Each structure stands twice: as C-alpha cells, then as structure tokens.
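The exercises below concern cysteine pairing and the surroundings of one charged side chain. Please work through each task with the sequence and the model at hand before reading its solution.

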Amino acid sequence: MTRTLWAELPVDVRAAVTAHTGPVTAALDVPHGYNCTHASILTTAAGDVFVKAAPAAEAAAFHDREEVAAPFTAGIGPRLRQRARRGAWDVLAFDAVPAARHAHLAPGSADCAVLAGLLQASTTRTAPGNVPPWTSRWAEHATPSEAALLDGRTLVHGDINPHNVLLSAGRAWLVDWAAACRGPAWADVAEAAIRLMEEEHTARDAHAWASRIPAWRDADPAAVTVWADVCCRAWEARIGPADAASSNARHQALAAEAASAVAH
C-alpha cells in the first residue's frame with residue numbers, strides 16, 4: 001500500500017487534527033500497519049498523538065468499529081482522542097504509546113507473560129451491542145448449533161498478533177480495534193495461543209500459557225473444538241487444504257490440549 005506522509009495529507013485533514021492538538025512540531029512516519037494510507041506519531045502542544053487516516057471508502061467500516069469499541073477499552077488500549085471526516089478522508093487520532101515496541105512472543109520471551117496479564121484484563125470487558133458477533137467471520141462455515149457455542153457477550157479484539165501488542169514501560173497495550181466484535185471470553189486467548197505456536201511454542205506450552213488466564217481455564221472444551229473445526233474449514237475454503245495444513249494443525253493441536261486437560 002502506498003503511504004501518504006503527514007505533510008502530504010490535504011490541508012483540511014491536517015487542520016481537523018491540529019484544531020484538537022494545537023500545532024504539530026514534528027511528525028514521525030509509521031511505515032507499517034494495515035487498513036490505513038497514513039500513519040504517524042505527531043509531537044503536538046497536547047502531547048504525542050498517533051494518527052491514522054485512509055480514504056473513507058476503504059476505512060469507514062474499520063474506523064466505525066474502533067470508534068464503537070473505544071469507550072470499552074480504557075486501560076487496555078490507547079485513548080481515542082478524535083475521529084474526523086474531511087472530504088474523502090477518514091481520520092482517527094489516539095494517545096501515542098511512548099517509546100513503544102511490538103511484542104516478541106518466541107519461547108523464553110518475557111513478553112509472553114506481559115501479554116497474558118493484558119488478556120486477563122481485556123477478557124473481562126463486556127462488548128457494546130453494536131459490534132458484530134465473532135462468528136460473523138466464519139458464518140458460512142458454521143452450523144447454527146456451532147455458532148451458538150461460539151456466541152458470547154465479551155469484547156473481542158479479533159486480531160491478536162505481535163504487531164497489535166505494544167509494550168512500553170513494562171506494560172502492554174492492545175491497538176487497532178478495527179476487528180472488534182463480541183464473543184466468548186476465551187476468543188482472544190485462543191487466537192493469541194495460535195500466535196505463540198506460530199513462534200515455535202508447542203501446543204502444550206501454548207495451552208499452559210493460556211491457562212494462566214481465567215477466561216481460558218473456564219472455556220468449554222467442546223466450544224474450543226468447534227472453533228478449531230470451523231477455522232479449519234474456513235482456511236481450507238479460502239486457500240485450499242494444502243496451504244491450510246500447517247495452520248489447521250495448530251488449531252487442532254491446541255483444541256486437543258484443551259480437551260485433554262479437562263479429561264485429566
């Protein structure tokens with residue numbers, strides 16, 4: 001995706017931001033990230049601000065979810081300061097996380113414990129009523145009874161990965177709530193455990209890590225198995241059985257660990 005620098009944004013877009021922040025004295029381009037054409041950290045009279053912007057036709061639906069989720073993410077996600085729409089652009093401005101880095105989830109990393117603490121807090125949040133269900137992403141691959149097992153009222157981030165976990169001053173923040181939805185309390189923990197397995201944790205170790213979090217300990221193993229099965233069907237439909245094999249193996253192995261823990 002071609003990136004637009006702060007100085008290249010339309011004048012009225014920049015003016016909409018600075019009307020809230022005061023003059024910008026420095027702009028640091030943030031070159032990574034999805035669902036945005038522009039991302040930067042601005043030094044302003046009101047403090048450092050993270051701004052992301054994209055054409056409204058591309059970003060409005062994602063920004064809608066972030067705006068809806070924002071009042072429910074205090075203490076686990078950066079504060080949303082502003083949403084503005086100017087011409088063809090849709091803009092979000094957040095408190096910047098100071099001196100942040102992305103999480104490292106390889107075996108032995110202390111960041112794994114920090115992420116567990118963050119998810120222990122985030123999995124207790126009730127979702128607003130106007131976010132879609134977690135199951136909407138696999139609706140065509142789940143039967144009604146399977147979807148019912150995966151229903152819930154917890155606020156789900158929906159895109160747990162190292163890029164969306166920022167660490168600063170010994171604590172972690174979940175950023176980019178563009179996939180926010182409602183579902184079972186264990187949903188984000190399950191997805192985080194899969195991310196750990198992608199970083200070479202075994203299924204047993206990923207399950208042991210997840211078991212630090214009450215939401216995972218309280219999860220219905222039958223529901224976890226259904227989630228794994230539905231994810232596997234969805235991935236196979238999307239990219240084919242061969243390309244989905246490694247991801248599907250991780251999902252099935254994690255579900256097997258959850259079932260085994262209850263059996264013993």
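Two exercises on this predicted model follow, each with a worked solution.

**Exercise 1.** Determine how many disulfides the structure holds, and examine C36 and C231 with respect to pairing and burial.

*Solution.* As a starting point, a disulfide is a covalent bond between the sulfur atoms of two cysteines. When the whole structure is searched, 0 disulfides are found. For C36, which is in no disulfide, the nearest cysteine sulfur belongs to C181 and is 20 Å away. The next step turns to C231, whose sulfur has its closest cysteine sulfur in C232, at 6.9 Å; because the cut-off is 2.5 Å, this separation is too far for a bond. Finally, burial is judged by a relative accessible area under 20%, so that C36, at 3%, is buried, and C231, at 5% relative accessibility, likewise counts as buried.

**Exercise 2.** Locate R83 in the secondary structure, decide whether R83 is buried or exposed, and identify the partners of its side chain.

*Solution.* Begin with the position: R83 belongs to strand β4, which covers residues 80-86. The relative accessible area of R83 is 17%, and R83 is therefore buried, since the limit is under 20%. Turning to the polar partners, the R83 side chain makes a polar contact with the side chain of D64 at 2.7 Å, and a polar contact with the side chain of D90, also at 2.7 Å. To complete the picture, leave aside residues up to four places away in sequence: R83 then touches A60, H63, D64, E67, D90, V91 and L92, a list that includes both polar partners, D64 and D90.

Conventions. Residues are numbered from 1 along each chain as its sequence is written. This is a predicted model: local features need pLDDT of at least 70, side-chain atom pairs count only at pLDDT 80 or more; totals for chains, interfaces and linings use all residues. Side-chain values use heavy atoms; hydrogens and water are left out. Buried means under 20% relative accessible area, exposed over 50%, partly exposed in between (1.4 Å probe, protein chains only). Helices (H or I, at least four residues) and strands (E, at least two) are DSSP runs, numbered from the N terminus. A polar contact is a pair of N or O atoms within 3.5 Å; within protein, one must be able to donate a hydrogen and the other to accept it, and residues adjacent in sequence count only if both atoms are side-chain atoms. Contact means heavy atoms within 4.5 Å.
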